[in-house]
Amino acid sequence: ALCLALVASTPSCILLSDCTLRIFIFPMHEQPINTLSWNVRGLNCPDRRATVKATIEGTSCHLVCLQETKLSSIDMFIAASIGGNRLRGIAQRPAEGTRGGILLLWDQGLLEVSDIATSSYCLSATVRIRDTGATFKTTSVYGPTDSACKDAFFAELLSHKPLPGVAWLASGDFNQIYRARDKNKRNVNTSRINRFRATLQSNELKEIHLQNRRFTWSNERQNPTLCKLDSVFCNADWDMHFDSHVLHAISSSLSDHCPLLLADDRGPKRPRCFRFENFWSCIPGFFDTVSKTWEEPCAHTEPYQRLFHKLKRTIRR
């Protein structure tokens, strides 16, 4: 009867059926941090922003890196139309007119972002996970399409390399392949590939393998050119701390680039389920055990907190 009276106020989820009481208690494990990286090809249309928002909400990501926003300024209202009420943290590298632009969104309840730095092709920041205190550097990249700017881009990427011992995640549209097999046609610039590979090696970055897709971009013609222009790279420090993360491509008709989701492979934490069986009340000593446990002092004063902790303590007996 007590559970029926106060069930709606408990922090656990209590479900009652004809013969079973189920109490779900969510364990305090480390919150997985999921990252979405995507060249959205413009956010200057409300319908496009709504589609991007729906994709973000469908992934339950906590950190979003969007490239080619084509917006010179993004205020809190536009950001809310993209990240919703959950992703309220904002940092941006403004577009030049309607060209380029990078937007970083994050869940402020889980993440603290600082040391934001922007350059011609990159936006970097330090990310701290509030729950554990773990920190890493993230760099969102939108590389140039102009061949004449490639070397300047490689040099800029090198300038964002953090100090030794700092975990680093670099993601985005690099507009550059680093292996010949990352393009479905043979007309590749081997010299530029080698310079990009040298930049990655100097930055001590390695690619996080994309699980379910070979290419991330298409020119969408009848005989299409397919390339892997979008990638996620990390250094050894990041890989050791977040070794359970897996990279997947997500389908979307909005852009000719596919979104990349870097998510914890362990998946969301499931609650432990406690089931009360009616026959337990017939076991000798049952009521004495429950009564003694229930009468033990409780530090909490609010009714729903008292109920939650009394139930939790009784479950352990």
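Which residues does I208 touch, not counting those up to four places away in sequence? The legends below explore this predicted model, and the answer comes in the view of the nonpolar core.

**View 1. Confidence across the predicted model.** The protein has a mean pLDDT of 86. Of its residues, 85% reach 70 or more. Residues 1-29 have pLDDT below 50. Beyond near neighbours in sequence, this stretch has 58 contacts in the model.

**View 2. An open sheet of 6 strands.** The strand order is β5-β6-β4-β3-β16-β15, and the pairing is mixed. β5 (89-93) and β15 (245-249) stand at the edges. Each has a single partner strand, so one side of each is left without a neighbour in the sheet. From one strand to the next, the twist averages 15°.

**View 3. The pairing of β15 with β16.** These two strands run antiparallel and are joined by 5 bridges. β16 covers residues 260-264. Within this pairing, L247 has L262 of β16 as its bridge partner.

**View 4. Helices α2 and α3 against the strands.** Helix α2 (residues 46-59) lies across β3 (35-39), β4 (63-67) and β16. Its direction is at about 155° to β3. Helix α3 (residues 76-83) lies across β4, β5 and β6 (102-106). Helix α3 runs at about 70° to β6.

**View 5. The surroundings of Y142.** Y142 is found in strand β9, residues 135-142. Is Y142 buried or exposed? Its relative accessibility is 15%, so Y142 counts as buried, the cut-off being under 20%. Beyond neighbours within four places in sequence, Y142 is in contact with N39, Q67, E68, G100, I102, Y121, D173 and N175. With E68, the contact is polar and joins the two side chains at 3.4 Å. D230 is 88 residues from Y142 along the chain, yet their C-alpha atoms are separated by 9.2 Å.

**View 6. The largest nonpolar core, with I208.** This core has 29 residues. L104, F136, L169, I208 and W238 have the most contacts inside it. Strands that each supply at least two residues include β7 (111-118), β8 (122-129), β9 and β14 (230-234). The largest share, 4 residues, comes from β8. Here is the answer to the opening question: I208 touches L169, V232, F233, C234, W238, L247 and L262.

**View 7. Another core, apart from the largest.** This one has 19 residues. Among them are V40, I56, L66 and L87.

Notes:
Residues numbered from 1 in each chain as written. Predicted model: local features only at pLDDT ≥ 70, side-chain atom pairs only at ≥ 80, totals over all residues. Heavy atoms only, no water. pLDDT = per-residue confidence, 0-100. Contact = heavy atoms within 4.5 Å. Pairing = 2+ DSSP bridges. Axes fitted to C-alpha atoms, helices over the stretch in contact; angles between N-to-C directions. Buried < 20%, exposed > 50% of the residue type's maximum accessible area, 1.4 Å probe, protein only. Polar contact = N/O pair within 3.5 Å; in protein donor to acceptor, adjacent residues only side chain to side chain. Core = buried A, V, L, I, M, F, W, Y, C linked by side-chain atoms within 4.5 Å.
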